[in-house]
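Here are a few exercises to work through with the model open beside you. Try each task before you read its solution.

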Amino acid sequence: MINETIQVVTIAGNDSDGSAGMPADLHSFFQRGVYGMGLLTAAVAGNSYGIDAAQVMPVDFIAQQFATLAKDFKIRAAKTGMLADSAVINTVADCYQKYDFGPLIVDPVIITKHGNMLLEAAAYETFKARLIPLATVITPNFFEAQKLTGLSLANDAEIAAAAQKLQAMGAKNILIKGRHDQAEQKSVRDYVLTASGEHFWLAEPYVQTDRVNGTGDSLSAVITAEIGKGQDVATAIRIAKKFVHQAIAQPIAVGHKYGPINHWATTDLK
């Protein structure tokens with residue numbers, strides 16, 4: 001018999017241009033040597049200029065996808081991406097608690113990297129109540145961490161305090177992604193706080209580019225893949241940080257405006 005291939009799943013929306021959401025997750029899974037499955041929550045008609053239309057999947061269909069995958073596969077880790085509304089968030093939380101899909105990596109997808117709100121108020125409150133307590137790892141960007149904790153994150157001490165607040169909300173391990181929207185900055189610094197109390201900063205050089213679609217999706221997807229392979233959380237996060245930096249630093253020409261990161265750029269990371 002052949003050894004079982006490691007299987008992970010993304011619970012996310014599909015971006016039709018392949019740059020973000022489920023496609024970015026699947027690109028990342030493939031590059032990290034795990035078999036990726038996709039549990040569809042929504043779909044958008046988009047290209048490098050923007051999104052023209054969106055469709056949320058019916059919650060009974062989302063629940064059926066969970067049940068169908070659970071009947072057949074040994075899923076070792078899961079991640080969430082865009083969950084459009086309270087009904088979807090509740091369905092995902094209920095199903096994740098019903099079936100064994102391994103550790104859950106939560107990419108909040110509630111505020112863009114430019115600070116624009118993606119979820120309505122009711123869905124945001126549902127996210128806080130239902131998903132954060134299920135998170136083995138949560139990966140908010142700078143603005144999401146501000147919103148979730150109520151802190152300004154004006155200095156390193158406040159960022160560390162924000163991570164502690166997120167742990168108090170139920171998430172076990174925290175990765176607060178640093179800002180990367182300031183042209184004068186030299187590096188992008190992320191802060192990590194693990195369930196054991198270990199904490200550290202990760203930094204990579206800042207790259208000025210408009211080829212960054214799918215950055216957050218890919219980061220959380222690599223963490224999911226590595227945890228699925230049995231890596232500890234801190235190692236998984238370190239690998240993901242290097243992966244995303246390489247993918248940004250070596251851009252590819254896809255689309256005419258805001259392009260995807262380059263998943264082909266990543267070399268063997270340990």
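**Exercise 1: an edge of the sheet**

Strand 2 and strand 3 make a hairpin with two residues between them. This is a predicted model, where local features need pLDDT of at least 70 and side-chain atom pairs 80 or more, while totals for chains, interfaces and linings use all residues. Residues are numbered from 1 along each chain as its sequence is written, and side-chain values use heavy atoms, leaving out hydrogens and water.

Task: find how many bridges join strand 2 to strand 3, and in which sense they run.

Solution. Strands are DSSP runs of E with at least two residues, helices are runs of H or I with at least four, and both are numbered from the N terminus. Two strands pair if DSSP finds at least two bridges between them. Strand 2 and strand 3 run antiparallel and are joined by six bridges. Within this pair, Ala-45 is opposite Ala-53 of strand 3.

Next, place the hairpin in the whole: the open sheet has nine strands in the order 3-2-1-4-5-6-7-8-9, with mixed pairing. Strand 3 (50-56) and strand 9 (199-205) are at the edges with a single partner strand each, so one side of each has no neighbour in the sheet.

Finally, check burial (buried means under 20% relative accessible area, exposed over 50%, partly exposed in between, with a 1.4 Å probe and protein chains only). Zero of the seven residues of strand 3 are buried, so this strand lies largely in the open.

**Exercise 2: two helices**

Task: work out how helix 3 and helix 4 are oriented to each other, and which residues make their contact.

Solution. Start with the axes, which are lines fitted to C-alpha atoms over the stretch in contact, with angles from 0 to 180 degrees between N-to-C directions. Those of helix 3 (residues 86-98) and helix 4 (residues 121-131) come within 8 Å and cross at roughly 10°. Angles under 35 degrees count as roughly parallel, and therefore helix 3 and helix 4 are roughly parallel to each other.

Now list the contact (heavy atoms within 4.5 Å). Helix 3 contributes Ser-86, Ile-89, Asn-90, Ala-93, Asp-94 and Gln-97, and helix 4 contributes Ala-122, Ala-123, Thr-126, Phe-127, Arg-130 and Leu-131.

**Exercise 3: a loop glycine**

Task: locate Gly-170 and decide whether it is buried, partly exposed or exposed.

Solution. Gly-170 sits in the loop between helix 6 (156-168) and strand 7. Its relative accessibility is 26%, so Gly-170 counts as partly exposed. Leaving aside neighbours within four places in sequence, Gly-170 contacts Ile-132, Pro-133 and Ala-135.

Technical notes. Parallel < 35°, antiparallel > 145°, perpendicular 65-115°, else oblique.
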